[in-house]
Amino acid sequence: MFAIRLVSEAGQPTRVVLVDAAGTPLGGDDEVAAWCRIAEGLGAAGSIEMLPRPLRTPAKVILAGLGDGDYRRAGAAVVAAVPGDEEIQIVVPESATAEQVRDLAEGAWFAGYRFREAPVGPRTAAVDLVTTHGGYADALDAARSVAEAVWLARDLTNMPSSTKNPAWFAGQVIAEAARRPELTVHVREPRQLADEGFGGILAVGGASATPPRLVELRWHPDDATRHVVLIGKGITFDTGGISIKTREGMKLMKKDMGGAASVIAATMAAADLELPVRVTALVPLAENAVGDDAYRPGDVITHYDGTTSETTNSDAEGRLVLADALGYAVRRLEPDVIIDLATLTGANAVALGKGMAAMYTHDDELAAALVAAGEAAGEAMWRMPLPDDYVEYLRSDIADRHSSPTQGGGSVVAALYLREFLGDKVDSWAHFDMSAPSWSDRTAGDLVKGATGWGVRTLVRFLENW
Ligand code: BES
Ligand code: MN
Ligand code: ZN
């Protein structure tokens, strides 16, 4: 990740002056002020105006619009507008709060992302925030921890599945945790998964040459009073299995571990920020492949909690691995809250478009906290229903339930299916179907084409405030 520093004096490179909604520059010299008086349309959120100043110092001033105080958007727009070899200096307005400086830095870091394997140099060289205000260091540190987590989640998700198999992903978690000694990791391999009855993970991962794993990553500070369990779908590639996907349907399926990437990354950030809350990230990892050992349409699978699922579509694999993880969390981890993130259904995008996740929960307080966290963090979500009338679609003649009903709304019945594994021990559960916003088709705002790391920002804000 490139550096963002707080500096007290402006140097030579490209200077950025932020402009408020009224077109007034919040900093800069007399010439900038004069220009802003005569120019029109300055100040809209995310707008960029280059002010060439031959023979002056600095030789280039960028006017970046804040609109209604949208510092994250301004930070992102600046980074996107400046070539990767140019150092940037942003003049921090006198009036900026610590929260706004955090947003500014987050926006710059999110938009300045580049995949670690890309064969080209960084998208952004470095950013200096010019200020004499002494109170921004913590805000910048918080932004850095969140941004490192977003970069990690994006890197994991952008990695091609030829490299990214379950063992590789588990190795990445171990390597990241090793840099933070307070974190512990336990990785279950197939033998242990079989001994303990993780039938969903074993069925889905059965046909792959790279067998499944269950990763458990723990952040357990001494001062923690509450425990949140984060579960992420970790399908390292989804062919659909024997119910095979089409070419179009399969081409982005390396991203089918986006939920796993986000919960792992958010837990790393919780440790970096030393948040006083116990967090366990639980990530079932499997490749949904085609082969002799593939599970079949019509098979009945026994889950960790001992209940069974009939599956007539091997492409509904995510819920089968999540079912095991939920059952394990409920029975073994004593969570106060469970939040799962999953690239679960194409129906997420049908209902809500590409820009937002579908959120499911019965808990109004949790819903409000998550929506507020998403708003503060710049991630969109919409709360969806869990209608009891639809539970009958999960009925099976030969098992406790059916995993792939064809009625009831794809994203909704998937959520109802997951709910089955909560038992009566946990009232506080939220599920995010985030298949749509996990990927961006274009570079825009604070997203870069490719994986978005959706959920990291919301989860970290939620953990900070909870
Ligand atoms: N990983 C897919 C969902 C998905 C689709 C994510 C498109 C991102 C973009 C999931 O495993 C899946 O195949 N879901 C099926 C469910 C169906 C078989 C009940 C779907 O959405 O079609
Ligand atoms: Mn699938
Ligand atoms: Zn899938």
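# A tour by salt bridge, metal and helix

Select Arg53 and Asp29 to begin: the two form a salt bridge, with 2.9 Å between the closest N and O atoms. Arg53 sits in the loop between β3 (48–52) and β4 (60–67), and Asp29 in the loop between β2 (14–20) and α1 (30–38), so the contact ties together parts 24 residues apart in sequence. Colour by accessibility and the partners split: Arg53 is buried at 1% relative accessible area, while Asp29 is partly exposed at 29%. Keep in mind that this is a predicted model.

Next, pick Arg461 and Glu106. Their side chains meet in a salt bridge of 3.3 Å, N to O. This pair links distant parts of the chain: Arg461 belongs to helix α14 (residues 456–465) and Glu106 to helix α3 (residues 98–111), 355 residues apart. Both ends are covered, with Arg461 buried at 4% relative accessibility and Glu106 buried at 1%. Now widen the selection to Arg72, Glu99, Arg102, Asp103 and Glu464, which join Arg461 and Glu106 in a network of salt bridges. If you want to keep hunting, a search of the whole structure finds 33 salt bridges.

While you're in this part of the sequence, show Ala76 in helix α2 (residues 71–81). Ala76 is buried, at 1% relative accessible area. Draw a distance from its C-alpha to that of Gly112: you should get 7.4 Å, although the two are 36 residues apart in sequence.

On to the metals. Select the zinc ion (ligand 3) and show its protein donors: Lys233 (NZ), Asp238 (OD), Asp256 (OD) and Glu317 (OE), at 2.0 to 2.4 Å. Six donor atoms surround this zinc ion, and their angles of 79 to 172° make the arrangement octahedral. Along the chain, the zinc donors are spaced K-x4-D-x17-D-x60-E.

Stay with two of those donors, Lys233 and Asp256. Their side chains also meet in a salt bridge, 3.1 Å from N to O. Lys233 is in the loop between β9 and β10, Asp256 in the loop between α8 and α9, and 23 residues separate them. Both residues are buried.

Now click on Asp238. Which two ions does Asp238 bridge? They are the manganese ion (ligand 2) and the zinc ion (ligand 3), which lie 3.2 Å apart.

Move to the manganese ion (ligand 2). Its protein donors are Asp238 (OD), Asp315 (O), Asp315 (OD) and Glu317 (OE), lying 2.0 to 2.2 Å away; look for both the O and the OD of Asp315. The manganese site is irregular, with angles of 73 to 169° among its six donor atoms. The donor spacing in sequence is D-x76-D-x1-E. Is Asp315 buried or partly exposed? Asp315 counts as partly exposed, at 23% relative accessibility, whereas Glu317 is buried at 0%.

From Asp256, walk along to helix α9 (residues 258–272). At 1.5 Å a residue its 15 residues should span 21 Å, and the end C-alpha atoms are indeed 21 Å apart. The helix is mostly covered, with 14 of its 15 residues buried. Just past α9, check the backbone of Glu274, where phi is positive at about 50°.

Last stop: turn on the surface and select Ile242, Ile244 and Val290. Together they make a nonpolar patch of about 260 Å². Val290 comes from the loop between β11 (278–288) and β12 (299–302) and is partly exposed, with 46% relative accessible area.

Notes
Residues are numbered from 1 along each chain as its sequence is written. Chains are lettered from A and ligands numbered from 1 in the order in which they are written. This is a predicted model: local features need pLDDT of at least 70, side-chain atom pairs count only at pLDDT 80 or more; totals for chains, interfaces and linings use all residues. Side-chain values use heavy atoms; hydrogens and water are left out. Donors are N, O and S atoms within 2.8 Å of the metal (3.2 Å for Na, K and Ca); water is not among the atoms, so sites may look incomplete. Four donors count as tetrahedral if all angles lie between 85 and 135 degrees; four count as square planar and six as octahedral if opposite donors are over 155 degrees apart and all others between 65 and 115; anything else is irregular. Buried means under 20% relative accessible area, exposed over 50%, partly exposed in between (1.4 Å probe, protein chains only). Patches are made of residues with over 30% relative accessible area and no salt bridge: like charges are joined within 9 Å, nonpolar side chains (Val, Leu, Ile, Met, Phe, Trp, Tyr) within 5 Å. Accessible areas come from the Shrake-Rupley method with a 1.4 Å probe; for residues, only the protein chains shown count as cover. A salt bridge is a side-chain nitrogen of Lys or Arg within 4 Å of a carboxyl oxygen of Asp or Glu. Helices (H or I, at least four residues) and strands (E, at least two) are DSSP runs, numbered from the N terminus. The expected span of a helix is 1.5 Å times one less than its number of residues.
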